[in-house]
There are 2 protein chains.
Amino acid sequence: MSSEQVNQSLKLFIVLSRAYRAVNENVNKLIQTYGLNPTEFAVMELLYHKGDQPLQQIGGKILLASGSITYVVDKLEQKGLLKRVACPKDRRVTYAQITEKGKSFIEDVFPDHAKQIDTLMSELSKNEKESAITILKKLGLSQSSFE
Amino acid sequence: MSSEQVNQSLKLFIVLSRAYRAVNENVNKLIQTYGLNPTEFAVMELLYHKGDQPLQQIGGKILLASGSITYVVDKLEQKGLLKRVACPKDRRVTYAQITEKGKSFIEDVFPDHAKQIDTLMSELSKNEKESAITILKKLGLSQSSFE
DNA sequence: TTAAATTATCTTGAATTCTAAATAAATTAT
DNA sequence: ATAATTTATTTAGAATTCAAGATAATTTAA
């Protein structure tokens, strides 16, 4: 394990962090204009694209502790964008389910949202995006090593 | 602007987010073992590698609001890892300056820290890292578009 | 079956971050 | 020179997140 190799990895970590933060900061500002915060939007996207979710699964998918899920789901329920639905088979479980209002919200907002993200990526060519996707996929699988 | 292109950008955004979070989650756990939180560590790294910083500049470099800088700098000052130093030329300005204790801390911790990050990147070949660095650099420059 | 262990959600309190306003110093314009 | 604007830091209060514990339901094992 040469020092050069370590330096390259460090540099990648820095560049990865900057790229993510730069893009994400812009996406977050965009989401604010919809009247939601990033976590709320992530939950809505998840329910819209993947269907009803047991509360617990939401935590695993968007990286949120169980106490925080209760908080975010409460807020979205107050806004009428989702509702809690009891699981008939296991009474410990509650599903979050998108409402009609929630569905309309995502359908209103998502096309432009996607276009804006495309704009944020416009510095990259098609091939560069392709390469980045292939490479970054491998990093996304990192197992947790320091628990 | 084809829909395929937008989809590719969306996919890259998702993969970028997952990669960053996977790596970052591990790095954050590592930092916790040093007794600091990620923001505190970022400030210490900045001061160690880039020298004294006016408080305001810290915000720009690690993406933190001015109110939060006061909070983090207070905590690091309490821990004796940095001190505030008045700017002689402009009395509005306060510098954060690393202390000897802070310097020792980083010097103790950094070599292993870097090695652990290298381990997290070990799924990628040298060439893949090189490509990722080149491509991600372009994204890191994204200007804020929705202020 | 009953007890023990596990799982899902919620509650509580602390930590961290943000926004907006307050304060203080410097700069600009009249 | 004085007033108005800008810049840097801090304060105060709200929002968000987490960790740990509480509650309730389910499953496992004796």
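**Notebook: two protein chains and two DNA strands**

I started with DNA strand D and found 22 residues around it, the closest being Asn37(A), Thr39(A), Tyr71(A), Lys75(A) and Gln56(B). I took a residue as near a strand if one of its heavy atoms lies within 4 Å of it. Of the atoms of DNA strand D within 4 Å of the protein, 76% are from sugar and phosphate.

I note the basis: this is a predicted model, in which local features need pLDDT of at least 70 and side-chain atom pairs count only at pLDDT 80 or more, while totals for chains, interfaces and linings use all residues. Residues are numbered from 1 along each chain as its sequence is written, chains are lettered from A and ligands numbered from 1 in the order in which they are written, and side-chain values use heavy atoms, with hydrogens and water left out.

**Strand D, phosphates**

I looked up polar contacts next (a pair of N or O atoms within 3.5 Å; within protein, one must be able to donate a hydrogen and the other to accept it, and residues adjacent in sequence count only if both atoms are side-chain atoms). The side chain of Lys75(A) places an N or O atom 2.6 Å from a phosphate oxygen of DNA strand D. For Gln56(B), a polar side-chain atom is 2.5 Å from a phosphate oxygen of this strand. Arg91(A) uses a polar backbone atom, at 3.1 Å from a phosphate oxygen.

**Strand D, elements and classes**

I assigned helices as DSSP runs (H or I, at least four residues; strands are E, at least two), numbered from the N terminus. Helix H4 (66-78) of chain A, and helix H3 (55-62) and helix H4 (66-78) of chain B, each give at least two residues to the surface near DNA strand D. H4(A) gives the most, with five residues.

I then sorted residues by class: Ala, Val, Leu, Ile, Met, Phe, Trp, Tyr, Cys and Pro as nonpolar, Asp, Glu, Lys and Arg as charged, and the others, Gly among them, as polar. The surface near DNA strand D has seven nonpolar, nine polar and six charged residues.

**Strand C**

I repeated the search for DNA strand C and found 20 residues around it, with Gln56(A), Thr39(B), Ser68(B), Tyr71(B) and Lys75(B) the closest. Sugar or phosphate makes up 76% of the atoms of DNA strand C within 4 Å of the protein, and bases the rest.

Thr39(B) has a side-chain N or O atom 2.3 Å from a phosphate oxygen of DNA strand C. Gln56(A) reaches a phosphate oxygen with a backbone N or O atom at 2.5 Å, and Arg91(B) does so with a backbone N or O atom at 3.1 Å. Helix H3 (55-62) and H4 of chain A, together with H4 of chain B, give two or more residues to this surface. H4(B) has the largest share, four residues.

**Chain B against chain A**

I counted contacts (heavy atoms within 4.5 Å) and found 54 residues of chain B touching 55 of chain A. The buried area, meaning the accessible area (1.4 Å probe) that two parts lose on being put together, summed over both, is about 5,700 Å², with 71% from carbon and sulfur atoms.

I found two salt bridges across this interface (a side-chain nitrogen of Lys or Arg within 4 Å of a carboxyl oxygen of Asp or Glu). One of the salt bridges joins Glu128(B) and Lys138(A), at 2.4 Å from N to O. Helix H1 (3-32), helix H5 (100-120) and helix H6 (126-140) of chain B each supply at least two residues of the side that touches chain A. H1(B) has the largest share, 22 residues.
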